[in-house]
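Please walk through this structure with me. Start with the place where the chains meet, then look inside for enclosed space.

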Amino acid sequence: MPIQGNIRNFSTTQLLNLINLARKTGTLTFFEGVRTGEKDAMGEEKMAPGKPRAKVSFNTGKLTYAALDNQDGNLISVLNKAGKLTDEQARIIRERAKNTADKALALLLMNANYVSQSDIVSSIQQHTLDVIYNLLTWAEGPFRFDDGIMPTNDRIQVPIDLENVIIEGSRRIREAEKLNEYLPNLDFALKFPENPKEKFKGIHLSVEEWRVVSFVNPKNSIRQIAKANNMSDIEIRRIVYGLEQAGLVELVKPPGMETTTRPGRPAAARAPQVQKNVVNKLIDKIKSI
Amino acid sequence: MQTVKMVITGPFSSGKTEFIRSISEIEVVSTEREISTEAEKRQKDATTVAMDFGRITVDDDLVLYLFGTPGQRRFDFMWEILAEGMLGFVVMVDSAKPETFREAKSILETFRAYAPTPYVVAANKQDHPDAWAADDLRIALRIEDGVKLLPCIAKDKESVKNVLLELLYSILEEMEG
Ligand SMILES: Nc1nc2c(ncn2[C@@H]2O[C@H](COP(=O)(O)OP(=O)(O)OP(=O)(O)O)[C@@H](O)[C@H]2O)c(=O)[nH]1
Ligand SMILES: [Mg+2]
């Protein structure tokens with residue numbers, strides 16, 4: 001039976017966990033979502049799978065291969081990105097080795113002493129992880145897991161344990177969630193505390209932090225500050241969190257926002273007093289239906 | 001006369017009414033209402049607004065009631081009332097609708113907090129071509145090893161019997177443990 005759905009409902013970390021625990025072999029494909037105009041069971045718009053965005057393969061629960069569709073993931077580019085081949089070397093090899101499959105190319109490069117085997121392994125591993133951590137940030141889009149389907153044989157596959165990937169991925173997601181919880185509403189504004197000069201004394205701010213600080217004004221919402229600085233929601237949250245924790249800025253509620261009180265947790269219901277023979281009677285009855 | 005009750009819960013359209021209907025000796029007293037919002041209407045025509053209610057009479061002294069919760073969250077003020085005094089509960093999951101898994105898990109946790117009674121999870125609609133396998137669902141919903149996750153087809157009486165029996169066995173085990 002297929003494992004398919006949308007990562008907005010079943011996250012990539014959860015998928016990796018499933019593949020790891022069930023020791024699955026096959027390929028997970030992520031697609032661009034194509035709007036259907038139909039609603040799913042939760043009332044959200046159903047997305048049909050469109051163009052593939054990424055493919056990730058697994059062998060008995062280990063990550064062996066990952067590629068983004070819009071990214072050239074061949075061996076030369078991977079080694080170039082990892083700094084094992086210079087731009088010039090990469091250009092020359094690309095010209096000479098056109099149409100050479102990755103595995104054959106790896107042998108050629110090692111024989112010519114361009115790179116070592118461990119260079120190749122570590123570069124591919126790093127590339128695979130980069131792809132995974134990138135797609136872990138995707139919040140939306142259809143996916144499908146095809147049992148037993150593997151990438152073509154000429155790709156070099158370096159097995160990576162999923163546990164660490166999941167832990168690191170969850171850490172990144174938890175951070176995002178925590179920040180979300182801390183600052184759910186980006187319509188808040190920022191202001192300086194009473195004696196800002198004192199507070200800022202001796203503090204070293206990063207370039208990004210300075211950029212945010214320069215916009216601090218109760219009239220600017222955090223959302224507007226993020227937009228002006230071309231920052232993602234998570235980036236701006238992280239910076240505001242740091243500044244606020246250090247006492248350098250204070251949050252200002254947007255006008256018209258009331259504080260909401262959460263309803264208390266309901267008291268636990270009483271457990272029934274039932275005898276064993278009652279349960280046995282029920283069992284016999286249902287068996288006989 | 002003693003009455004005992006079990007609660008059949010789960011997300012919207014997971015098959016709760018169907019489940020109770022398959023086993024109840026009385027026509028299910030269902031408080032189904034035509035669906036009001038357009039979004040939900042596309043899923044199905046009728047939804048349970050207050051609760052479903054099925055009955056299994058064991059003998060003159062013992063009756064089992066099956067209560068189905070309304071699947072839509074806006075009726076969840078009813079849940080705690082239904083949970084009061086239950087012997088155990090079944091969480092129905094539509095195995096073919098992964099978008100509802102998170103909701104299913106959240107309903108499960110809510111009921112677990114109401115009362116420390118045994119429960120089982122029914123991986124319903126296993127006859128559906130898109131259904132996730134029960135083993136995959138266990139991992140997906142992060143169901144602990146000690147909790148039963150049972151493949152189910154709510155339209156099939158034998159399958160419903162199996163789910164209820166497994167729940168009763170768990171209840172028995174807990175009493176003996
Ligand atoms: N194929 C298949 N369809 C099922 C199964 N169980 C239920 N259905 C169908 O799924 C739809 C929803 O079932 P219901 O029993 O109304 O679900 P519910 O959980 O009571 O729904 P609400 O009361 O609206 O929350 C109906 O069309 C059922 O016929 C099953 O095991 N297999
Ligand atoms: Mg119903």
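What follows covers the interface and then the cavities. The model is predicted.

Begin with the contact between the chains. On the chain B side, 50 residues touch 42 residues of chain A. Together the two chains bury about 4200 Å², and 66% of that lies on carbon and sulfur atoms. In chain B, the residues that lose the most area to chain A are E99(B), W132(B) and I139(B), which together make up 15% of what that side buries.

Now the polar side of the interface. There are 3 salt bridges across it. In a salt bridge, the side chain of K281(A) meets that of D59(B) at 3.3 Å, N to O. Residue pairs in polar contact between the chains number 10. Several elements of chain B give two or more residues to this side, among them β4 (52-59), α4 (101-114) and α5 (134-141). The most comes from α6(B), with 10 residues. By type, this side of chain B holds 29 nonpolar, 7 polar and 14 charged residues.

Next, the interior. The count is 2 cavities of 30 Å³ or more. The largest has a volume of about 120 Å³. Its lining has 14 residues, and Y65(A), G73(A), D102(A), I124(A) and I156(A) lie nearest its centre. β4(A) gives the most to this lining, with 4 residues. The lining divides into 7 nonpolar, 5 polar and 2 charged residues.

The second largest cavity has a volume of about 40 Å³. Residues including K105(B), E109(B), R112(B) and Y119(B) line this cavity. α4(B) supplies the largest share, 4 residues. This lining has 3 nonpolar, no polar and 5 charged residues.

Methods
Residues numbered from 1 in each chain as written. Chains lettered and ligands numbered in written order. Predicted model: local features only at pLDDT ≥ 70, side-chain atom pairs only at ≥ 80, totals over all residues. Heavy atoms only, no water. Contact = heavy atoms within 4.5 Å. Buried area = accessible area lost by both parts, 1.4 Å probe. Salt bridge = Lys/Arg side-chain N within 4 Å of Asp/Glu carboxyl O. Polar contact = N/O pair within 3.5 Å; in protein donor to acceptor, adjacent residues only side chain to side chain. Nonpolar A, V, L, I, M, F, W, Y, C, P; charged D, E, K, R; others polar. 1 Å grid on protein atoms, 1.4 Å probe; cavity = no way out; pocket = protein on both sides within 12 Å on 5 of 7 lines; lining within 4 Å. Points joined across faces, edges and corners; volume = space filled by probe spheres on them.
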